[in-house]
Amino acid sequence: DADFIARPYSMASHPSDDVLAFYIAKLPDGEMSPQMFNLNAGDIVYVDDTAWGMMTDMRLAKGETLFLMASGTGLASFLSFMKDDLWPRYERVIVVHSVRKNIDHVLTDRFNELARGHENAFDFVSITTREPNVSKMNGFNERLPALIESGEFEKNLNVELTPEKARVILCGNPEFVAAVKGVLKQRGFSAPRRGQMGTLVSETY
């Protein structure tokens, strides 16, 4: 069908949820997202029953701090992670969300709700890269790779971002993932391979 359009989206719902949830950004010139926002109750949407990707913390060796780093709508998949109660495996969980402008930070409260009871072992780090209004800057206003390279990221959070102490899961656009992964690999982080646990797992959308 010439009118059939398909796109991959990260799922925000947990396997135990009775509904499927997705976090979708509307692109004014996009081919599919505007149509998604025009849907009404009862309209039909086809969902492939095959889930793709290997982004799970079960592929990571045990560590002290788990970093969940995302750009844009890649953050959605980490909502499902949070519902699994990560703290038995990690002493601290840090969610990092990089967006262009502060208005794009729309899930912060939801993550804080899921971390209830673990407030002393949880941080939500907001990063903006193109926020023109200084009064709206909430957190860092620099690209994540540069923050890591300068040491400002670790200093501000009082944490070690090293393969000895930390585990990292990346999800976002290809440029974001490639840039952050490049910096982390220089520090010694590595992906799982041939049955061996890793210190870094990533997925792009």
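Which residues form a nonpolar patch on the surface? In this predicted model, the patch consists of Met11, Leu20, Phe22, Leu39, Val45 and Val47. Together these residues have about 490 Å² of accessible area. One of them, Val47, lies in the loop between α1 (33–37) and β1 (65–71).

A patch of positive charge also appears on the surface. Arg100, Lys101, Arg130 and Arg143 gather there. Lys101 is placed in the loop between β2 (92–99) and α3 (108–114). Its relative accessibility is 41%, so Lys101 counts as partly exposed. That value falls between the 20% limit for buried residues and the 50% limit for exposed ones.

Aromatic contacts were examined next. The structure holds 6 aromatic pairs. In one of the pairs, the ring centres of Phe67 and Phe153 are 5.9 Å apart. The planes of these two rings stand at 45°, so the pair is tilted. Phe67 belongs to strand β1, whereas Phe153 belongs to helix α5 (residues 152–157). The pair therefore ties together parts that are 86 residues apart in sequence. Phe67 is buried, with a relative accessible area of 0%. Phe153 is buried too, and its relative accessible area is 0%.

Phe111 and Phe124 form another aromatic pair. This pair is tilted, with 5.6 Å from centre to centre and 50° between the planes. Phe111 sits in helix α3 and Phe124 in strand β3 (residues 122–128). Parts that are 13 residues apart in sequence are therefore tied together by the pair. Both Phe111 and Phe124 are buried. Aromatic residues also form a cluster: Phe67, Phe140 and Phe153 make up one such group. Phe67 and Phe153 thus appear both in this cluster and in the tilted pair described above.

Charged side chains were considered last. The structure holds 7 salt bridges. Among them is the contact between the side chains of Glu31 and Arg7, at 3.1 Å from N to O. Glu31 and Arg7 are each located in the segment before α1. They are 24 residues apart, and the pair links distant parts of the chain. Glu31 counts as exposed, because its relative accessibility is 52%. Arg7 has a relative accessibility of 41% and counts as partly exposed.

Lys83 and Asp17 also meet through their side chains in a salt bridge, at 2.8 Å from N to O. Lys83 lies in the loop between α2 (77–82) and β2, and Asp17 in the segment before α1. This pair therefore ties together parts that are 66 residues apart in sequence. Lys83 is partly exposed, with a relative accessible area of 32%. Asp17 is likewise partly exposed, at a relative accessible area of 30%.

A further salt bridge joins Glu113 with Arg110. The closest N and O atoms of this pair are 3.2 Å apart. Glu113 and Arg110 are 3 residues apart in helix α3, so about one helical turn separates them. Glu113 is partly exposed, with a relative accessible area of 39%. Arg110 has a relative accessible area of 34% and is partly exposed. Helix α3 thus carries this salt bridge and also contains Phe111 of the second aromatic pair described.

Conventions. Residues numbered from 1 in each chain as written. Predicted model: local features only at pLDDT ≥ 70, side-chain atom pairs only at ≥ 80, totals over all residues. Heavy atoms only, no water. Patch = residues over 30% accessible without salt bridge, like charges linked within 9 Å, V, L, I, M, F, W, Y side chains within 5 Å. Areas by Shrake-Rupley, 256 points an atom, 1.4 Å probe, with all protein chains shown as cover. Salt bridge = Lys/Arg side-chain N within 4 Å of Asp/Glu carboxyl O. Lys, Arg positive; Asp, Glu negative; His and termini not counted. Charge placed at Lys NZ, Arg CZ, Asp CG, Glu CD. Helix = DSSP H or I, 4+ residues; strand = E, 2+ residues; numbered from the N terminus. Buried < 20%, exposed > 50% of the residue type's maximum accessible area, 1.4 Å probe, protein only. Phe/Tyr/Trp six-rings, centres within 6.5 Å; stacked < 30°, edge-to-face > 60°.
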